[in-house]
Amino acid sequence: KAGAAYLPLDPAYPAGRLALMLADANAAVLVTTTELAAALPSHQARVVEIDAAGEAIARRPDSNLGVDSGQGDLAYIIFTSGSTGRPKGVAVEHRQILNRLAWMWQEYPFAEGEVSAQKTSLSFVDSLWELLGPALRGVPTVIIPDTAVSDPQELVRVLGKHRVTRLWLVPTLLRALLDTYDELPDRLPDLRFWVTSGETLPTDLLRLFQRQPVG
């Protein structure tokens, strides 16, 4: 709505990597919190601490800014590790992300009553499918905390509690779930749409999943 592209920064990244990303992207504004701002490396961006500026933000009008972004305008920048180990920014336009979402909606349309889950770090592109895919179709999304993602038992509990129907995950996490529960389909009866990406899918893991009465 502001008419600018965004660059997600994971505060868990090393300071050197964050500094390189900020400089390489030539970021003009850094939106963060007071606590996180104090731990960031040196940079040239204007800092907006949303907690400290809460009252000022609340006084702003809630109407749109009148900015009209076109399909060829930059939407976001995601940094990869790069084949050399040096992060490389990938600039994505609005039409590219919308084309990807339109394909997903056409090939795998949402049904009434579905619930999605967002568990991927915003520094990874899969987070876009998790967030924008359901949101632009009016489908509710459960935001899963990092502590649950790293604990298979807690992750299954959260997914089951909120009756999540769709899940994107890397093969490593899929294996962890299958290794944790033999009766996984019984615990997640509503989860019917699974997508694995980001890593090679081993043949044995695929066969193990296919033996489960899910998907």
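What follows is a walk through one predicted model, from a strand pair to salt bridges and a pocket. Local features here need pLDDT of at least 70 and side-chain atom pairs count only at pLDDT 80 or more, while totals for chains, interfaces and linings use all residues. Residues are numbered from 1 along each chain as its sequence is written, and side-chain values use heavy atoms, with hydrogens and water left out.

Let's start with strand β1, residues 29-32. Helices (H or I, at least four residues) and strands (E, at least two) are DSSP runs, numbered from the N terminus. The side chains of β1 alternate: Leu30 and Thr32 are buried and point to one face, whereas Val29 and Val31 point to the other and are not buried. Buried means under 20% relative accessible area, exposed means over 50%, and partly exposed is in between (1.4 Å probe, protein chains only). The neighbour of β1 is β2, residues 46-49, which runs parallel to β1 and is joined to it by four bridges; two strands pair if DSSP finds at least two bridges between them. Opposite Leu30 you'll find Val47 of β2. Put helix α2 (residues 34-39) into the picture and β1, α2 and β2 form a right-handed β-α-β unit. Right-handed here says that, with the strands pointing away from the viewer, the path from the first strand over the helix to the second runs clockwise.

Now for some backbone angles. Just ahead of β1, in the loop that follows α1 (15-25), sits Asn26. Its phi is near 55°, a positive value in a residue other than glycine, and Asn26 is exposed at 64% relative accessible area. Arg163 also has a positive phi, near 55°, and is not a glycine either. Arg163 belongs to the loop between α7 (152-161) and β7 (166-169), and with 53% relative accessibility it counts as exposed.

Arg163 leads us on to charge pairs. Side chains of opposite charge can pair when their charged atoms come close. The rule used for a salt bridge is a side-chain nitrogen of Lys or Arg within 4 Å of a carboxyl oxygen of Asp or Glu, and it gives a count of seven. One of them joins Arg163 to Asp190, at 3.2 Å from N to O. Asp190 is in the loop between α9 (184-187) and β8 (193-196), so this pair ties together parts that are 27 residues apart in sequence. Asp190 is partly exposed, at 23%.

Another salt bridge links Glu130 and Lys119, whose closest N and O atoms are 3.5 Å apart. Glu130 lies in helix α5 (residues 126-135) and Lys119 in the loop between β5 (116-118) and α5, so the pair connects parts 11 residues apart in sequence. Glu130 is buried, with a relative accessible area of 1%, and Lys119 is buried at 11%.

Lys119 turns up again at the second largest pocket, as one of the residues nearest its centre, along with Thr120, Ser121, Phe124 and Val170. A pocket is found on a 1 Å grid over the protein atoms alone, as an open set of points where a 1.4 Å probe fits, with protein on both sides within 12 Å along at least five of seven lines; lining residues have an atom within 4 Å of a point. The second largest pocket has a volume of about 350 Å³, which is the space filled by probe spheres set on the points, with grid points joined across faces, edges and corners. Its lining has 14 residues.
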